[in-house]
Amino acid sequence: MRNYCKTLAFGATFLCATAMMAQFPGGGFPGGGGFGGGFPGGGGFGGFQQQQPSIETSQEWKDVNYAGDDGQVYHMCDIYLPKAEKPKYPVVVHIYGSAWGSNSSKGAADIGTIVKALLDAGYAVVCPNHRSIGDAKWPAQVNDIKAVIRFIRANAAKYKFDTSFIATSGFSSGGHLSAVTALSNGVKVAKQGKAEYDIEGKVGPYTKESSAVNAFCDWSGPTELLQMECGNAMVFGGKGNTPEEQLIGLPKEGNEDNFVLLSATGFLDKSDVPGYIFHGDQDFVVASCVSQYLYDQMQKVGVESYIVREPQGGHGMGMYSEENLKKMTDFLNAVRTKKK
């Protein structure tokens, strides 16, 4: 049974905060703000998103609007090209974690770990903002990420993108968006029982471009929203007011079909692209059994998939070893080679 992290009294809040700080280096909330943009409804599982060290690049573009609505911070992205100059580069879209609660954390999207490893391996990296819980309900968030991918295809020449290979990656809620984006390749409108969502969306001027990707990586993502009770992770916000319920605007009880279409396996079929999942077994923010469920279902369907369950890994802390980062880049390289 999951533990409940509520904000009903100071004592409960203090105990919850103390436990949460144990997940992070230095014993405090990154940057003094916490979880890549805040705590929607008093809780969240965005994870370790402090400002990262500088990286070496050949070119960078900051605050590029991918949706054609200049001035909207949630539709900005940063673009990084590797230090080794080439005519064009395969692309990875890396998405920050924030419990879907931040619309402006692209500058803290694991820049010194995941992004650096991708750049060193020769990948262009695009780090986008996306609409938060406070801006719009689901599926606005995945609509935004699909708009980023269409933007990449439409602007390949300008930014030296090799669109023969595009992958998604993300941490925590960004991992959820990474997996859902990839596994919903080709889905315009998703239906499950009485639930129906426009997953593709119409964000931006490049709606004729494809939003399909070739692979995904998921770091500690809450990918299966009907499986969140599988371990001992905390429930942030309390029953009926969790970040995922705030995201979709409905309680889970009685609305299971809606939460199927908020989950990665809601889009799973045997034609799906490969995925690599990383999760820490000491993660009390999102239990590792959530990722295990996604992996098991991918294996059952016959989709190429891999999982690392880091025995001492927390929610971000202890996850970004050289070995794990190399597994990520080796996986992407292998998918590219197979595709060719």
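**Buried charges, cores and a disulfide**

D78 and K106 are both buried. In this predicted model, the two residues form a salt bridge whose closest N and O atoms are 2.8 Å apart. D78 is part of strand β3, whereas K106 belongs to the loop between β4 and α2 (111–120), so the pair ties together parts that are 28 residues apart in sequence. The pairing extends further, since D63, D78 and K106 are joined into one network by salt bridges that share partners.

Across the whole structure, 14 salt bridges were found. Side chains of opposite charge can pair when their charged atoms come close. Another of these pairs is K83 with E56, for which the closest N and O atoms are 3.5 Å apart. K83 is located in the loop between β3 (76–82) and β4 (89–95), and E56 in the loop between α1 (10–21) and β2 (57–65); the contact therefore ties together parts that are 27 residues apart in sequence. K83 is exposed, with a relative accessibility of 53%, and E56 is likewise exposed at 53%. A salt bridge also links the side chains of K202 and D198, at 3.5 Å from N to O. Here K202 is exposed at 68% relative accessibility, while D198, at 30%, is partly exposed.

The largest nonpolar core contains 60 residues, of which V126, W138, I152 and F161 touch the most other members. Helix α3 (residues 140–154) supplies the largest share of this core, namely seven residues. Apart from neighbours within four places in sequence, V126 contacts residues that include C77, I79, V91, V93, V148, I152 and F161. The contacts of V126 also include D78, the buried partner of K106 in the salt bridge described above. A second core, separate from the first, has 30 residues, among them V92, C127, W219 and Y320. V92 is also one of the residues in contact with V126.

One disulfide was identified. Such a link is a covalent bond between the sulfur atoms of two cysteines. The bond joins C230 and C289, with the sulfur atoms 2.0 Å apart, and the link is right-handed, with 90° about the S-S bond. C230 lies in the loop between β9 (215–219) and β10 (234–236) and C289 in helix α8 (residues 288–301), so the disulfide ties together parts that are 59 residues apart in sequence. Both cysteines are partly exposed: the relative accessibility is 38% for C230 and 22% for C289.

Further cysteines were examined for burial and sulfur distance. C77 is buried, with 0% relative accessibility. The closest cysteine sulfur to that of C77 is in C127, at 8.9 Å, which is too far for a bond, as a disulfide requires sulfur atoms within 2.5 Å. C217 is buried as well, at 1% relative accessibility.

A buried polar side chain was found at S173, a residue of helix α5 (residues 173–183). S173 has a relative accessibility of 1% and therefore counts as buried. A polar atom of the S173 side chain lies 3.1 Å from the backbone nitrogen of A99.

Definitions and conventions. Residues numbered from 1 in each chain as written. Predicted model: local features only at pLDDT ≥ 70, side-chain atom pairs only at ≥ 80, totals over all residues. Heavy atoms only, no water. Helix = DSSP H or I, 4+ residues; strand = E, 2+ residues; numbered from the N terminus. Buried < 20%, exposed > 50% of the residue type's maximum accessible area, 1.4 Å probe, protein only. Polar contact = N/O pair within 3.5 Å; in protein donor to acceptor, adjacent residues only side chain to side chain. Core = buried A, V, L, I, M, F, W, Y, C linked by side-chain atoms within 4.5 Å. Contact = heavy atoms within 4.5 Å. Salt bridge = Lys/Arg side-chain N within 4 Å of Asp/Glu carboxyl O.
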